[in-house]
Amino acid sequence: MGKDVAAQSYTREERQRYREKVRQDLDVFERMLAERAFDDEVPLTGLEIELNLIDEDQQPAFVNDEVLEAIADPEYQTELAQFNIELNVAPRPLPGDSALQLEESLRESLNRAEAKAEEADARIVAIGILPTIRPEHFQGEWISDNNRYTALNDSIFVARGEDIVLDIEGPTGERLHTFADSIAPESACTSVQLHLQVGPGEFADHWNAAQVISAPQIALAANSPFFFGRRLHAETRIALFSQATDTRPIELKNQGVRPRVFFGERWITSIFDLFEENVRYFPALLAETTDEDPVAVLDAGGTPELGELNLHNGTVYRWNRPIYDTGSGRPHVRVENRVLPAGPTIIDTLANAAFYYGSVRMLAREDRPIWTQMSFPAAQANFEAAARDGLRARLYWPGHGELGADELTVRHLLPLARRGLQNWGVSDAVISRYLGVIEGRCTSGVNGAVWQTECVARLEEGGLDRSAALAEMTRLYGQHMHTNEPVHTWPLP
């Protein structure tokens with residue numbers, strides 16, 4: 001969930017004032033990068049997990065207010081739709097056995113939350129796209145009771161001026177082509193966001209590394225093959241999120257106007273590059289201003305919040321997003337990695353995280369960075385292929401040419417991730433447990449998307465129609481999810 005806003009619409013004067021404050025914040029941020037010390041002594045990692053609520057029939061349960069009230073834990077927050085909630089995990093260092101402790105605490109937390117959700121006749125499921133979601137679920141009151149979401153929906157449609165087109169075709173020819181009169185389909189996309197706090201001087205290398213590794217991440221972790229009853233991409237969430245929040249009518253697309261869901265267009269040399277691009281290219285969606293005078297705060301030796309810049313940055317949906325934040329009176333910056341789907345289990349989630357953190361650490365520290373050997377369009381082509389084909393994707397990697405995602409991972413990326421985690425001081429027990437899960441997916445050929453697809457195929461062969469098969473698959477998925485056994489070991493019906 002992003003920053004709350006008070007208003008649902010904005011006047012022309014408010015929008016003009018907001019633009020001025022955003023530009024002022026950007027100038028102050030540039031000064032801070034040159035003058036101020038940022039908090040980067042201990043690299044910290046953070047985690048956000050978006051979750052779905054379902055009823056006893058495996059359909060979306062629009063009861064997040066009641067569930068959050070029952071959970072009564074500030075780590076759980078609202079999300080876009082009434083069948084979504086989000087679990088926020090406090091930042092922590094990665095070395096030692098920290099990940100094993102995190103796995104235990106996350107399982108305990110989710111077990112408590114599940115018990116509380118049942119009081120509202122709901123259950124929690126972590127999955128990239130809820131397979132049973134249908135167009136009719138968005139015909140009533142679907143949006144969460146939060147001004148930010150209503151204002152965001154209205155602003156996107158004012159900017160676009162027409163209904164959103166959703167057009168996605170799967171590998172077997174199943175195709176979704178429909179229109180949406182709200183951003184409701186975006187709420188079907190539930191993700192895991194990985195945060196990495198680094199110094200400003202190291203940010204560009206870590207962001208470039210995160211862009212390179214995003215394609216293997218998606219291929220390994222794909223968990224969103226179904227939407228509106230159709231088998232689409234292995235990680236349909238990528239295309240769906242891109243299309244469901246697109247503020248551009250076709251004429252602006254034809255002019256080359258950049259989308260707000262943005263892979264990017266070049267390697268960077270500074271975190272400032274990304275913030276400056278966001279201000280230069282993207283008009284405001286939410287025009288909420290604060291009373292802060294960032295120049296005065298900085299001149300007085302304080303740490304400005306830069307609220308307008310952060311709010312604007314939160315409405316540009318880069319798959320690897322730059323974050324500016326403050327804590328204990330000191331500023332810091334983070335890479336927010338947004339490519340992963342939720343689920344299937346906590347062990348799968350932490351395996352995905354270990355692979356990412358280890359790989360990025362090594363790629364960011366190489367003497368000859370991989371992004372100097374690889375064009376940016378090649379990285380984007382990898383990203384799109386991985387989302388479409390998952391573990392079956394073929395990816396380009398400098399020095400090795402085009403390989404299957406599974407072969408690339410086993411032969412080259414897992415050893416890289418292992419060295420990165422060792423370099424970070426992560427224990428051998430953590431490395432073996434979580435990278436072993438990644439290796440198991442590659443050798444078995446099964447990730448969340450593959451298991452879902454094969455499970456539905458088996459159920460349809462047994463006589464169920466697509467709707468019933470998706471509901472039964474979701475029921476089985478929920479049972480396996482709570483065992484915390486990795487998805488590549490799950491049995492099929």
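Here are questions and answers about a predicted model.

Colleague: What should I know about the model before we start?
Modeller: Local features in this predicted model need pLDDT of at least 70, side-chain atom pairs count only at pLDDT 80 or more, and totals for chains, interfaces and linings use all residues. Residues are numbered from 1 along each chain as its sequence is written, and side-chain values use heavy atoms, with hydrogens and water left out.

Colleague: How many salt bridges does the structure hold?
Modeller: Side chains of opposite charge can pair when their charged atoms come close. A salt bridge here is a side-chain nitrogen of Lys or Arg within 4 Å of a carboxyl oxygen of Asp or Glu. By that rule, the number of salt bridges is 24.

Colleague: Which residue forms a salt bridge with Glu-277?
Modeller: Glu-277 lies in helix α8, residues 271-281. Helices (H or I, at least four residues) and strands (E, at least two) are DSSP runs, numbered from the N terminus. The partner sits in the loop between β10 (261-262) and α8, so the pair ties together parts that are eleven residues apart in sequence. The closest N and O atoms are 2.8 Å apart, and the partner is Arg-266.

Colleague: Is Glu-277 buried or exposed?
Modeller: Buried means under 20% relative accessible area, exposed over 50%, and partly exposed in between (1.4 Å probe, protein chains only). Its partner Arg-266 has 33% and counts as partly exposed. Glu-277 has 2% relative accessibility, so the class is buried.

Colleague: Which residues are linked with Arg-266 in a network of salt bridges?
Modeller: Arg-266 pairs with Glu-277. The network also takes in other residues; the residues linked with Arg-266 are Asp-273, Glu-277 and Arg-318.

Colleague: How many residues apart are Arg-280 and Glu-276 in helix α8?
Modeller: These two form a salt bridge, with the closest N and O atoms 2.7 Å apart. Arg-280 is partly exposed at 45%, and Glu-276 is partly exposed at 21%. An α-helix has 3.6 residues a turn, so residues three or four places apart point the same way. Within α8 the spacing is about one turn of the helix, four residues.

Colleague: How many of the eleven residues of α8 are buried?
Modeller: The buried residues include Ile-271, Phe-272, Leu-274 and Phe-275. Asp-273 and Glu-277 are also among them. The helix is mostly covered, and the number buried is eight.

Colleague: Which residue caps the N-terminal end of α8?
Modeller: A polar contact is a pair of N or O atoms within 3.5 Å; within protein, one must be able to donate a hydrogen and the other to accept it, and residues adjacent in sequence count only if both atoms are side-chain atoms. A side-chain oxygen of the cap lies 3.0 Å from the backbone nitrogen of Phe-272. The capping residue is Ser-270.

Colleague: Which residue forms a salt bridge with Arg-441?
Modeller: The closest N and O atoms of the pair are 3.2 Å apart. Arg-441 is in helix α14 (residues 428-444), and its partner is in helix α11 (residues 346-363), 93 residues apart. Arg-441 is buried at 2%, and the partner is buried at 0%. That partner is Asp-348.

Colleague: At what angle do helix α5 and helix α13 pack?
Modeller: Two packed helices are described by the angle between their axes and the distance between the axes. Axes are lines fitted to C-alpha atoms, for helices over the stretch in contact, and angles run from 0 to 180 degrees between N-to-C directions. For α5 (residues 200-221) and α13 (residues 405-424), the axes are 10 Å apart and the angle is about 120°.

Colleague: Which side chain has a polar contact of 2.9 Å with Asn-484?
Modeller: Asn-484 lies in the segment after α16 (466-481) and is buried at 12%. A polar atom of its side chain lies 3.3 Å from the backbone nitrogen of Ile-346. The side chain joined to Asn-484 at 2.9 Å is that of Glu-103.

Colleague: Which residue is joined to Gly-343 by a cis peptide bond?
Modeller: Most residues other than glycine have a negative phi, and most peptide bonds are trans. Here omega is about -5°. The residue's place is in the loop between β13 (330-341) and α11. The residue joined to Gly-343 is Pro-344.
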